[in-house]
Amino acid sequence: MLQLSKPSNFGDEFVLRSVDWIENLPWHDGDIVKTQKDRFEINLLVKDFTAEQIQVKVADDFIVIEAKHEEKKDEQGFISRHFVRKYKLPQGSQPNKITSTLSADGVLKIVVPKETAVLKDTAIPVAYEDSKKPNSKL
């Protein structure tokens, strides 16, 4: 009778390491993007990168986040990581006032302020459609 056995490198430990790696990807669903009245905010998990390895820029109405570290040795061998993430800037964004900070627990926070129009009392003149003014009955 034929007996099947699982390969030793695909045991429970391997699966758990794989799941942990997937859950910590920079595009994981745990990332938060908020659009508020006065700002657009992105919180991105990038715990495998330092601030020097992360680049945030604006290109063609997108905010572009790129992180890369060269090949380095870990427990399993060698690894290198690189990702690029783009977000469309909402209307009214002020790209020249963008801030980005990296927390100690590896969360990159990017804040894009938005213009907030303040409506003031404004008189709107009434113009005539034709060149002739209608007779006033007052």
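## A polar contact within strand β2

The side chains of Asn-43 and Glu-41 are joined by a polar contact of 3.1 Å in this structure, which is a predicted model. Asn-43 belongs to strand β2, and because its relative accessible area is 15%, below the 20% under which a residue is called buried, Asn-43 is classed as buried. Leaving aside residues up to four places away in sequence, Asn-43 is in contact with Asp-31, Ile-32, Val-107, Leu-108 and Lys-109.

Glu-41, the partner of Asn-43 in the polar contact, is likewise a buried residue, with a relative accessibility of 5%. Glu-41 also takes part in a salt bridge with Arg-39, in which the closest N and O atoms are 3.3 Å apart. Arg-39 itself, with a relative accessible area of 28%, is partly exposed, so this salt bridge joins a partly exposed arginine to a buried glutamate.

## The sheet that contains β2

Strand β2 is part of an open sheet of 4 strands, which are arranged in the order β1-β2-β7-β6 and pair in antiparallel fashion. The edges of this sheet are formed by β1 (32-35) and β6 (99-102), each of which pairs on one side only, and from one strand to the next the twist averages 10 degrees.

Within the sheet, strand β2, spanning residues 39-45, and strand β7, spanning residues 107-113, run antiparallel and are joined by 7 bridges. One bridge partnership in this pairing places Leu-44 opposite Leu-108 of β7; Leu-108 is also among the residues that Asn-43 touches.

## The second salt bridge

The structure holds 2 salt bridges, and besides the one between Arg-39 and Glu-41 there is a salt bridge between the side chains of Arg-81 and Asp-48, with an N to O distance of 3.6 Å. Arg-81 is located in strand β5 (residues 78-88), whereas Asp-48 is located in the loop between β2 and β3 (54-59), so the pair ties together parts that are 33 residues apart in sequence.

Both residues of this pair fall in the intermediate class of accessibility: Arg-81 is partly exposed at a relative accessible area of 21%, and Asp-48 is partly exposed at 29%.

## The annotated positions in β4

The unreviewed UniProt entry lists His-69 and Glu-71 under "binding site", an annotation that may be inferred rather than shown by experiment. His-69 is placed in strand β4, which covers residues 62-73, and Glu-71 is placed in strand β4 as well.

Which of the two annotated residues is buried, and which is exposed? His-69, with a relative accessibility of 3%, is buried, whereas Glu-71, with a relative accessibility of 58%, is exposed.

Apart from residues up to four places away in sequence, His-69 touches Asp-48, Phe-49, Gln-53, Ile-79, Ser-80 and Arg-81, and this set includes Asp-48 and Arg-81, the two residues whose side chains meet in the 3.6 Å salt bridge. With the same exclusion, the contacts of Glu-71 are Phe-78, Ile-79 and Ser-80; Ile-79 and Ser-80 also appear among the contacts of His-69.

Notes: Residues are numbered from 1 along each chain as its sequence is written. This is a predicted model: local features need pLDDT of at least 70, side-chain atom pairs count only at pLDDT 80 or more; totals for chains, interfaces and linings use all residues. Side-chain values use heavy atoms; hydrogens and water are left out. Helices (H or I, at least four residues) and strands (E, at least two) are DSSP runs, numbered from the N terminus. Buried means under 20% relative accessible area, exposed over 50%, partly exposed in between (1.4 Å probe, protein chains only). Contact means heavy atoms within 4.5 Å. Two strands pair if DSSP finds at least two bridges between them. Axes are lines fitted to C-alpha atoms, for helices over the stretch in contact, and angles run from 0 to 180 degrees between N-to-C directions. A salt bridge is a side-chain nitrogen of Lys or Arg within 4 Å of a carboxyl oxygen of Asp or Glu. A polar contact is a pair of N or O atoms within 3.5 Å; within protein, one must be able to donate a hydrogen and the other to accept it, and residues adjacent in sequence count only if both atoms are side-chain atoms.
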